[in-house]
Amino acid sequence: MTSIRLTQLSVSKLIIFFSILLITTGILLLLPNTAFGHGYVEGPASRAALCKSGQNTDCGSIIYEPQSLEAPKGFPEKGPIDGKIASANGAFSKLDEQSATRWSKVNLSSGKNTFTWKISAAHATTSWKYYITKPNWNPNAPLTRDSFDLSPFCSVNYNGVQPPFSYTDTCYVPARSGYQVILAVWEIADTVNAFYNVIDVNFSGSNPVDTQAPTAPSTLTATSKTTNSVSLNWKSSSDNVGVTNYQIFNGSTLVANVSGTTLSTTVTGLTPNTAYNFNIKAIDAAGNVSVASNSVSVTTDAPPAIDTQAPTAPGGLHIMGTPTSSSIQLIWNKSADDVGVTGYRIYNGKTSLTTVSGALTDYTVTGISANTKYTFSVNAVDAAGNQSIASTVDGTTTAPTTPTESAWKPNTFYAVGALVTYNGSTYSCRQAHTTLTGWEPPIVPALWLLK
């Protein structure tokens with residue numbers, strides 16, 4: 001009895017467990033479409049990025065997921081509430097602690113600056129916007145909308161496109177001095193949310209900052225190339241804090257930018273049969289730039305030659321066998337081509353009938369009239385669309401045949417269309433079969449059609 005009660009109890013627990021699992025799954029499916037943490041600013045390093053690297057301390061769990069600062073989009077009208085802007089509505093409350101000395105800062109100068117996002121899941125994107133604190137903001141008060149100039153100093157429309165996993169914006173930062181905060185906002189097109197990152201920057205240089213540049217990337221090599229692209233890889237740089245990104249140059253022209261954890265890239269959009277000279281520089285969170293790597297010279301492939309040579313005409317075109325009243329079989333010898341024959345075009349007079357594979361050398365023309373003369377031609381074609389001169393042949397279909405009638409007999413095979421007479425009536429065979437006594441035409445209309 002005790003065993004039965006225990007079994008019933010176990011079954012009850014399993015039912016409760018699976019019920020809870022189903023309810024939880026349903027709730028998750030009904031939740032709004034939320035992006036589960038997918039990007040942060042790694043250069044100049046955001047507050048969260050410096051928590052991850054250890055330059056900021058006592059940060060809480062953001063050190064494990066700096067990409068998760070997500071809140072409703074629409075700043076400044078919507079978005080995270082005042083006092084919780086840095087934490088994206090309080091999910092990581094430690095980030096909202098604010099004073100002039102609470103957070104490490106990165107050096108920044110006004111004017112042209114590059115902002116690099118590290119993206120772990122690329123969403124369709126509406127825009128990227130960047131705000132900066134007012135010149136007279138209070139660095140010892142919680143961050144609010146009143147702390148910021150609410151007109152973004154940089155706004156980039158992205159029209160619903162998905163960004164690459166390392167994305168950069170080049171922006172002109174307005175003049176400021178001392179400690180300021182930049183708010184970077186990545187607005188998502190296919191959810192109701194955006195990602196919010198604050199960047200603690202120092203304009204005067206009075207703060208203790210990282211001034212040590214990374215070592216140069218080494219062993220830059222070209223691993224493959226095409227007419228319009230070159231693939232590169234290299235060995236990583238080292239830095240006292242950490243490399244945030246690598247910039248790829250053709251000579252002195254920046255052509256690509258990748259994250260500090262990426263050690264290969266493919267430069268695209270190049271010109272065929274053109275020489276390029278690539279080098280790479282490493283950058284850290286403070287904006288320090290390494291000396292250039294070794295240079296590698298690569299010439300893109302030349303475009304393939306344009307094929308203008310037509311195949312030879314199909315040889316030996318003739319009629320195979322005896323034509324029927326409605327078909328003629330054509331056969332020919334293979335054509336030759338400098339690249340390769342891809343097909344044969346078959347014509348009845350000037351009317352195109354079909355194109356068959358270049359591996360075939362015969363075709364049966366069907367559905368034509370009886371007792372009629374036809375002129376057929378065959379042209380060989382190659383992949384470039386070059387067409388050979390035509391080979392032609394004449395063929396004449398036979399006169400139509402009239403089935404002869406015979407008296408129906410049992411134990412006799414009849415093909416479809418065979419005509420028989422029975423009791424003064426004529427019948428046409430509908431299905432091939434061998435007759436049996438009892439299968440006389442009037443009895444089995446499924447097999448015989450009364451004419």
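Visitor: Leaving aside its neighbours within four places in sequence, which residues is Thr 125 in contact with?

Guide: This is a predicted model, in which local features need pLDDT of at least 70, side-chain atom pairs count only at pLDDT 80 or more, and totals for chains, interfaces and linings use all residues. Residues are numbered from 1 along each chain as its sequence is written, and side-chain values use heavy atoms, with hydrogens and water left out. With contact taken as heavy atoms within 4.5 Å, the partners of Thr 125 are Tyr 158, Asn 159, Gly 160, Val 161, Pro 163, Trp 186, Glu 187 and Ala 189.

Visitor: Is Thr 125 buried or exposed?

Guide: Buried means under 20% relative accessible area, exposed over 50%, and partly exposed in between, for a 1.4 Å probe and protein chains only. Because the relative accessible area of Thr 125 is 0%, this residue counts as buried.

Visitor: How far apart in space are Thr 125 and Thr 211?

Guide: In sequence, Thr 125 and Thr 211 are 86 residues apart. From C-alpha to C-alpha, their separation in space is 34 Å.

Visitor: Which strand supplies the largest share of the largest nonpolar core?

Guide: A nonpolar core is a set of buried Ala, Val, Leu, Ile, Met, Phe, Trp, Tyr and Cys residues joined through side-chain atoms within 4.5 Å. The largest one has 29 residues, and those touching the most other members are Phe 115, Trp 117, Trp 128, Tyr 130, Phe 153 and Ile 182. Strands are DSSP runs of E with at least two residues, numbered from the N terminus, and the largest share of this core, 4 residues, comes from strand 8.
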